[in-house]
Amino acid sequence: MADFYLPGGGSDNFRLVRSKHIIAPLVAGTYGVIRIPKFAFVRNVWVLTDTVVTGTTVNNTLGFEGNGETADTNFFFETADAIGLDTGVKSADGGTMPFRGKWFNAASGSITITAADAWTAGKIIVFAEFSVLH
């Protein structure tokens, strides 16, 4: 019988990081906002909206790029979570999608924000909690 309780990597070092302020005017596109190192497990992501985002249509998502994978622009927050539509804090684990966490085991990467339309106003900050496991 195989022993599945072999020691693996462990860490009691949790990091809470934040992006710079993401402010209008902002051209539509995908932007890397927080770098995530290799061997990091992202435990949660939050968005703090200081000033409501306005534009033609507000369609912002939060995802990732890197880790040797195809980028997923709405992995943490999808459009239905309405990033930037009201002030306050929103948590990925409290959104409309089931939160899965993200393991960056193949390479480093970034948490990204994608704005489908240009912002005429708005100010947000993205936070992430992760732990590096070697």
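**Note on a chain of ten strands**

1. Strand 4 and strand 10 pair over 12 bridges, in the antiparallel sense. Start here when you look at the structure. Keep in mind that this is a predicted model.

2. Look at one position on this pairing. Phe 41 stands opposite Ser 131 of strand 10. Strand 4 covers residues 40-55, and strand 10 covers residues 119-132.

3. Which other strand pairs with strand 10 over five bridges? Strand 1, residues 14-18, does so, and the sense is antiparallel. Here Phe 14 stands opposite Ser 131 in strand 10. Ser 131 is also the residue that faces Phe 41. So find Ser 131 in the model, then look for Phe 14 and Phe 41.

4. Strand 2 is made of residues 22-23. Two bridges join strand 2 to strand 10, and the two strands run antiparallel. Ile 22 stands opposite Ile 124 in strand 10.

5. Is strand 10 largely enclosed or largely open? Of its 14 residues, 10 are buried, so strand 10 is largely enclosed by the rest of the structure. Buried here means under 20% relative accessible area. For the chain, buried residues make up 37% of the 134 residues.

6. Now turn to the nonpolar core. The largest one has 27 residues. Val 45, Leu 62, Phe 76, Ile 111 and Val 126 have the most contacts inside this core. At least two core residues come from each of strand 3 (29-36), strand 4 (40-55), strand 5 (60-66), strand 6 (69-77), strand 9 (109-115) and strand 10 (119-132). Which strand gives the most? Strand 10 does, with six residues.

7. Phe 76 is a good residue to inspect within this core. Set aside its neighbours within four places in sequence. Phe 76 is then in contact with Val 42, Val 45, Leu 62, Gly 63, Phe 64, Ala 92, Phe 99, Lys 102 and Ile 111. Val 45, Leu 62 and Ile 111 are also among the core residues with the most contacts.

8. Step back to the whole chain. How many helices and strands does the chain have? The count is zero helices and 10 strands. Along the sequence the pattern reads β-β-β-β-β-β-β-β-β-β.

9. Take the contacts in the chain with a separation of 6 or more. Residues 24 or more positions apart account for 81% of them.

10. Last, the surface. The chain has an accessible surface of about 7200 Å². Carbon and sulfur atoms hold 56% of that surface.

Note on methods
Residues are numbered from 1 along each chain as its sequence is written. This is a predicted model: local features need pLDDT of at least 70, side-chain atom pairs count only at pLDDT 80 or more; totals for chains, interfaces and linings use all residues. Side-chain values use heavy atoms; hydrogens and water are left out. A nonpolar core is a set of buried Ala, Val, Leu, Ile, Met, Phe, Trp, Tyr and Cys residues joined through side-chain atoms within 4.5 Å. Buried means under 20% relative accessible area, exposed over 50%, partly exposed in between (1.4 Å probe, protein chains only). Helices (H or I, at least four residues) and strands (E, at least two) are DSSP runs, numbered from the N terminus. Contact means heavy atoms within 4.5 Å. Accessible areas come from the Shrake-Rupley method with a 1.4 Å probe; for residues, only the protein chains shown count as cover. Two strands pair if DSSP finds at least two bridges between them.
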